[in-house]
Amino acid sequence: GMSRDDVGGAGGPSSAEQLPDQPLRFSPSRPNTLIIFLDRFMGGYVEGIMAAEPALASRLAGFVWYPRTLAAGENSIAGVHPLYGGYDYTPVEMNARKKSLRDLSVEAFSILPYNFSQHGHRVNFVEPGGLGFTMAGDCNYLRMDGVFCSHIPPAVVKQHAQRMGFPLPELSRSSYADLLVLLASMRTAPYALKAVLNDKGPWRPFLDHSAGTTFKVWAELKAFESLSLTSAPEPNLNIISNILPHEPYYMGEDCLPQQQKFEVPNAEVARRGHPSLFSLQHEITARCTLLLVADYLDFLKRAGVYDNTEIVLVSDHGIVGPVVDKSSRALAGKTSDNVFVRSRSVLLVKKIGATGDLRVSEEFMPNAEVPRIVCERIGGCVNPFLANRPIAAFGRDDPFYVSLVPWQFSLQRPDAFVIHTQLMLKGKDPYNAANWAIIK
């Protein structure tokens, strides 16, 4: 196998050295893979979205929705690593390694880039939030030949703001450009600055939720099309993250960001069947997120690269807070309560050449299966940090453990997550309340 240092020293341009105008690349003639990671998208919403937006069934051509998916945690710090690295990177498995969590985080983010680049693919990783336990994702941790890590250029967001008349001072409150500059200098940043950044936590905006933050992440999702080159000669693995489902507070029902918080009277919240305004805001923004993703998929179809691209839409966890899941499976299995909603991630998969309206599979499919799913096309993947053993096989973990940990990096131990609550799922059906137990 290889050590973290081998990967770190393998070269390849860092984001500081080059910011390509079109970091996402698709070949019209060679196979491609695209993973779109949508932070905090709760899987139970898909049923209601499909009912409200029937045209989505054909726009999501070839896709299979896996409602019986699950994340290994309730927040990104616990939920994101299995999504990129597989079962070897659940909090339970990471703690068992007794190694630096930061190094293990880098391992998880490196599994797919390593395997796909070894298989002759160019790897394009855009917005690697959480990489190496850094808030925005420090691309210096992902330096390998054939792997290109970058962030969406702030100019893209600024152009949208100017076009829509969104005030730039408000946009700057999301501290976007400043934050990237700060993060770029993290390795040499004064200790006090590092402490502030680390304390703010990984998946919290640098300042509080603001209209500028919602606008920024909406504009980034809208920009996927302009960030995509569709005439690449080489096969590509593209991974891109977006946190619009995480920032719903200023999103209008017309799916446009607004300068005032989205608010309706409490009676209207209740009439719509929601326990809180927070819940209604998240449902609206989940719908808008899936519609915006469908716009991007329509672009890939027009560009002639949809059919030969495997596409995964996935989240790292569900929602913590006053949200219940009223989808039919949750009601039938008595798992509407927020204790279940927290780890209820989303997963939709389109294989190369798949056609027809959106289908549903009831198979148990934790988001830790994503690496296995996308690696099938290249003959399977290995973990170079664990003696090149194959990454875990299908549905391995029964029981499956959900570990609830603080969301801040600074509140973990250097070599272990601080797990304050542990849930155990037996029987591979996360919608059935009888399958769940709190074991810690």
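Start at phenylalanine 41 in this predicted model. Leaving aside residues up to four places away in sequence, Phe41 touches Val46, Ile49, Pro245, Ala286, Thr289, Leu290, Ser315, His317, Arg344, Ser345 and Val346. Phe41 also belongs to the largest nonpolar core, a set of 66 residues, where Phe41, Ile36, Phe63, Tyr296, Leu300 and Leu313 are the ones with the most contacts inside the core. Which elements give two or more residues to this core? They are β2, α2 (45-52), α3 (56-59), β3 (63-65), α7 (154-164), α11, α13 and β8. Helix α13 gives the most, with 14 residues. There is also a second core, separate from that one, with 49 residues that include Ile35, Leu83, Val106 and Val370.

Now for the sheet. It is an open one made of 8 strands, and if you walk across it you meet them in the order β5-β4-β7-β2-β8-β9-β3-β10, with mixed pairing. At the edges stand β5 (147-150) and β10 (359-360); each has a single partner strand, so one side of each is left without a neighbour in the sheet. Strands of a sheet pair through backbone hydrogen bonds, and they can do so either parallel or antiparallel. You can find both kinds here. Strands β4 and β5 run parallel and are joined by 4 bridges; one residue to look for is valine 123, whose bridge partner in β5 is valine 147.

Further along, β2 and β8 pair in the parallel sense over 6 bridges, and phenylalanine 37 has valine 314 in β8 as its bridge partner. On to β9 (residues 347-350): β8 and β9 run antiparallel, with 4 bridges between them. Here leucine 313 stands opposite leucine 348 in β9.

Is β8 enclosed or open to the outside? Since 6 of its 6 residues are buried, β8 is largely enclosed by the rest of the structure. In a regular strand the side chains alternate between the two faces of the sheet. For β8, both faces are covered: Thr309, Ile311 and Leu313 are buried on one side, and Glu310, Val312 and Val314 are buried on the other.

Helix α4 packs on this sheet, touching β2 (32-38), β4, β7 (236-242) and β8 (309-314), and its direction makes about 170 degrees with that of β2. Like β8, α4 is well covered: 10 of its 10 residues are buried, so the helix is largely enclosed by the rest of the structure. Among those buried residues are Ser76, His81, Pro82 and Tyr84. Right after α4 comes glycine 86, whose phi is positive, near 90 degrees.

Tyr84 leads us to the aromatic rings. A search of the whole structure finds 13 aromatic pairs. Why is the pair of tyrosine 84 and phenylalanine 125 called edge-to-face? Their ring centres are 5.3 Å apart and their planes stand at 65 degrees, and planes over 60 degrees apart count as edge-to-face. This pair links distant parts of the chain, because tyrosine 84 sits in helix α4 (residues 76-85) and phenylalanine 125 in strand β4 (residues 122-126), 41 residues apart. Both partners are buried: tyrosine 84 has 2% relative accessibility, and phenylalanine 125 has 0%. Together with Phe37 and Phe109, these two form one aromatic cluster.

Another pair to find is phenylalanine 224 with tyrosine 296, also edge-to-face, at 5.5 Å centre to centre and 80 degrees between the planes. Phenylalanine 224 lies in the loop between α11 (211-222) and β6 (228-229), while tyrosine 296 is in helix α13 (residues 277-302), 72 residues apart. Phenylalanine 224 is buried, with a relative accessible area of 1%, and tyrosine 296 is buried too, at 3%.

Rings can also have charges over them. For tyrosine 306, the charged end of lysine 301 sits over the ring, 5.0 Å from its centre, and the charged end of lysine 350 sits over that ring as well, at 4.6 Å.

Last stop: glycine 120, in the loop between α6 (101-118) and β4. At 48% relative accessibility, glycine 120 counts as partly exposed. Its C-alpha atom is separated by 8.4 Å from that of glycine 146, 26 residues apart along the chain.

How values were computed: Residues are numbered from 1 along each chain as its sequence is written. This is a predicted model: local features need pLDDT of at least 70, side-chain atom pairs count only at pLDDT 80 or more; totals for chains, interfaces and linings use all residues. Side-chain values use heavy atoms; hydrogens and water are left out. Rings of Phe, Tyr and Trp (its six-membered ring) pair if their centres lie within 6.5 Å; planes under 30 degrees apart count as stacked, over 60 as edge-to-face and the rest as tilted. Buried means under 20% relative accessible area, exposed over 50%, partly exposed in between (1.4 Å probe, protein chains only). A charge sits over a ring if NZ of Lys or CZ of Arg is within 6 Å of the ring centre and within 35 degrees of the ring normal. Two strands pair if DSSP finds at least two bridges between them. Contact means heavy atoms within 4.5 Å. Axes are lines fitted to C-alpha atoms, for helices over the stretch in contact, and angles run from 0 to 180 degrees between N-to-C directions. A nonpolar core is a set of buried Ala, Val, Leu, Ile, Met, Phe, Trp, Tyr and Cys residues joined through side-chain atoms within 4.5 Å.
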